[in-house]
Amino acid sequence: MEKLLAFHFNETDLFKLRQLTATLKIHLEVVGTIDYMQTLDALVSDKKNPLAAPFTGDIPEENLLLLCDFTEKRMDKLLLSLRKSQIPVDYKAILTPTNRQWNVMRLLLEMRAEKSAYERHRN
């Protein structure tokens with residue numbers, strides 16, 4: 001079942017995102033910062049580990065969308081709709097077998113590193 005997880009969106013953009021996902025009939029879950037140390041798999045499956053320490057660090061500035069179980073066609077439709085709605089999204093990621101066991105902070109670190117490498121290569 002396709003699901004979209006949203007991390008660190010302001011209220012205005014979150015309102016727009018909720019409208020967009022309702023129109024597209026996409027299940028949206030907003031993840032609170034306290035759960036940033038949970039694995040992505042736990043967040044997607046709604047089976048949070050009660051032993052995982054709550055996140056208490058500095059809240060990342062960037063927002064993030066995690067796409068789970070989307071077909072290519074549905075993903076393209078979502079991305080086009082996001083562009084048209086002008087909802088600013090810093091990072092978009094797809095849940096993969098590799099990143100399933102990462103927590104949100106690890107995913108953000110990887111996304112930042114990829115962006116940095118891309119920008120270095122571009123220049």
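Which residue caps the N-terminal end of H4? That job goes to asparagine 103, with a side-chain oxygen sitting 3.0 Å from the backbone nitrogen of methionine 105. Keep in mind that this is a predicted model, where local features need pLDDT of at least 70 and side-chain atom pairs count only at pLDDT 80 or more. Residues are numbered from 1 along each chain, and side-chain values use heavy atoms.

Let's follow H4 itself, which covers residues 104-122 (helices are DSSP runs of H or I with at least four residues, strands are runs of E with at least two). At 1.5 Å a residue, its 19 residues should span 27 Å (the expected span is 1.5 Å times one less than the number of residues). The end C-alpha atoms are 27 Å apart, so the helix agrees with that.

Now look at its sides. Val104, Met105, Leu107, Leu108 and Met111 are buried (under 20% relative accessible area; exposed means over 50%, with a 1.4 Å probe and protein chains only). Down the axis of H4, these buried residues fall within an arc of 155° (taken from the directions from the axis to the C-beta atoms), so they line one face. Their cover includes strand S1 (3-7), H2, S3 and strand S4 (91-94). Turned away from the buried side are the exposed residues Leu109, Glu114, Arg120 and His121.

Next, a backbone detail. Most residues other than glycine have a negative phi. Lysine 25, in the loop between helix H1 (11-24) and strand S2 (27-31), has a positive phi of about 55°. Aspartate 46 has a positive phi too, near 60°, and lies in the loop between helix H2 (40-45) and strand S3 (64-68).

Conventions
Contact means heavy atoms within 4.5 Å. A polar contact is a pair of N or O atoms within 3.5 Å; within protein, one must be able to donate a hydrogen and the other to accept it, and residues adjacent in sequence count only if both atoms are side-chain atoms.
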